[in-house]
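Me: Please take a close look at one part of this model. How does it pack, and what lies around it?

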Amino acid sequence: MMLKILFVISFLLQGNLAVCGGKKHPTTNDYVKAIKIVTDVMVNDVTSPVAASRYYAYVTLTSYETQSLFDTVNYPSLSGNLNRFKINNISTSLLNGVNQPLAIILAVFKSAEKLLPSGYLLKGSIDSLERSYATSGESQLLFKNTATLVDEVVKQVMGYVKADGFSKLNNLARYTPRVNEGYWKPTPPVFMAPVEPNWNKLRTFILDSAEQFKVALPAKYDTAKTSVFFIQLMEVYNVTNKMDGPAKSIAMFWDCNPFAVQQIGHVEYGLKKISPGGHWVGITGIACKKKNYPLNKTAMVHALVSIALADAFIACWDEKYRSNRVRPETVIQRTLDPNWRPLLQTPPFPEYVSGHSVASTTAAVILTYIFGDHFTYADNTEVEFGLPVKKYNSFLQASSEAAISRLYGGIHFRDAIEQGVWMGRKVGEQVLNKLNRYFGTL
């Protein structure tokens with residue numbers, strides 16, 4: 001069958017990606033726009049959830065490290081506080097004649113340009129910024145000085161990037177699905193190979209190791225009607241067969257599957273969507289804008305949330321390929337109903353634990369600490385994908401909904417969701433504890 005790709009972010013193919021609108025003093029709104037542009041490039045690249053979390057962490061880290069050069073008291077460098085992260089002395093002379101707000105935004109684009117497979121698409125945004133400073137020789141020099149400073153920070157962070165183990169993943173032994181019925185198998189419609197089975201070998205940012213917070217063992221595969229596994233299997237089957245409107249809308253809102261494929265006749269179309277991490281980075285921007293945070297604080301919050309998300313996915317993937325549990329779709333079609341299909345398309349990796357449960361809970365723990373237990377907001381991150389704005393009374397309410405959405409969608413068993421929530425909370429708390437001096441300034 002022919003596979004075509006639907007570009008949901010059409011302006012990516014139309015030339016420049018503009019930001020700041022010619023302003024010489026970028027704001028929080030411009031930072032959020034810049035992150036959104038980077039997200040759009042990730043969607044264009046069909047970036048996996050784990051890869052997206054890595055990109056967000058390094059992009060926001062670069063931006064934060066750039067701004068910390070201007071205020072080391074309120075925004076101290078993370079150098080020495082992330083695993084094996086060290087920023088060497090940057091000459092104070094590079095700070096002369098530099099625009100700090102511009103540097104923060106430019107760091108987002110220049111680091112993403114280096115990191116993302118289609119990073120070249122961000123050149124238009126960088127050029128747009130440069131043109132906005134072309135009104136006079138003095139402004140042009142200001143942009144040039146700022147870009148020189150940012151290039152030095154990007155260079156140092158890229159050194160940190162190169163040492164995280166990612167470059168070695170492709171050289172590791174190819175993953176082969178196990179034969180036993182209880183283990184994960186590729187699923188319809190395109191039976192994709194498993195995504196990043198060695199992701200747990202990456203260097204973590206805060207966690208001592210990928211396996212620092214091991215969850216309880218999953219329910220043992222057993223199709224006897226009285227077994228814990230079969231009871232959970234029937235729950236997925238019954239819930240999806242009796243799906244009501246609210247449950248379906250929850251499942252669709254939190255789908256966040258970059259690998260979704262729709263078959264029309266003999267043609268398969270790739271439907272490009274945001275990743276779970278991208279969804280929560282979007283929520284972070286919404287919260288910063290609602291709170292009217294200044295640009296420097298917004299950059300800090302994004303870095304802390306993104307670093308936490310990156311570690312959450314490393315920990316989650318460590319468990320996924322250790323337990324290697326089969327997806328509901330495979331077992332239900334084999335033992336109950338060969339015509340059954342989950343509401344959501346099954347992602348191409350093992351079931352236990354639920355990645356959205358881990359990542360969403362981690363992000364919610366961090367955001368709750370920063371903004372409070374009862375922070376109301378309207379989530380519009382999925383509007384461009386044809387979904388409505390949803391209002392939430394707290395981040396934990398949203399993360400709980402994201403977690404249970406995996407049951408409604410028919411792609412996870414209950415214990416994977418519950419243990420994913422546990423893991424996510426532990427990761428979030430670890431980040432809060434290890435970086436408490438940074439959270440104390442928010």
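Reply: Start with handedness: a crossing is right-handed if the near helix is turned clockwise from the far one by less than a right angle, and left-handed if anticlockwise. This is a predicted model, in which local features need pLDDT of at least 70 and side-chain atom pairs pLDDT 80 or more, while totals for chains, interfaces and linings use all residues. Residues are numbered from 1 along each chain as its sequence is written, and side-chain values use heavy atoms, without hydrogens or water.

Our part is helix 1, residues 28–44. (Helices are DSSP runs of H or I, at least four residues, numbered from the N terminus.) Its partner is helix 2, residues 49–68. Their axes, lines fitted to C-alpha atoms over the stretch in contact, come within 11 Å. They cross at roughly 150°, on a scale from 0 to 180 degrees between N-to-C directions. Helix 1 and helix 2 are therefore roughly antiparallel (over 145 degrees). Helix 1 passes helix 2 in a right-handed crossing.

Now the contact itself (heavy atoms within 4.5 Å). Helix 1 brings Y31, I35, T39 and M42. Helix 2 answers with A52, Y55, Y56, V59, T60 and S63. By class, this contact has seven nonpolar residues, three polar and no charged. (Ala, Val, Leu, Ile, Met, Phe, Trp, Tyr, Cys and Pro count as nonpolar, Asp, Glu, Lys and Arg as charged, the others, Gly among them, as polar.)

Helix 1 also helps line a pocket. (On a 1 Å grid over the protein atoms alone, a pocket is an open set of points with protein on both sides within 12 Å along at least five of seven lines; lining residues have an atom within 4 Å of a point.) This is the second largest pocket, with a volume of about 370 Å³. (Volume is the space filled by probe spheres set on the points, which are joined across faces, edges and corners.) In its lining are 16 residues. Nearest the centre lie V32, K36, G282, N380 and T381. Helix 1 and helix 8 (276–290) each supply at least two of the lining residues. Helix 8 gives the most, with six. Here the classes are five nonpolar, seven polar and four charged.

So what does the picture of helix 1 come to? On helix 2, helix 1 makes a contact with no charged residues. At the second largest pocket, helix 1 shares with helix 8 in a lining that includes four charged residues.

Technical notes. Angles under 35 degrees count as roughly parallel, over 145 as roughly antiparallel, 65 to 115 as roughly perpendicular and the rest as oblique. On a 1 Å grid over the protein atoms alone, a cavity is a set of points where a 1.4 Å probe fits but cannot get out, and a pocket is an open set with protein on both sides within 12 Å along at least five of seven lines; lining residues have an atom within 4 Å of a point.
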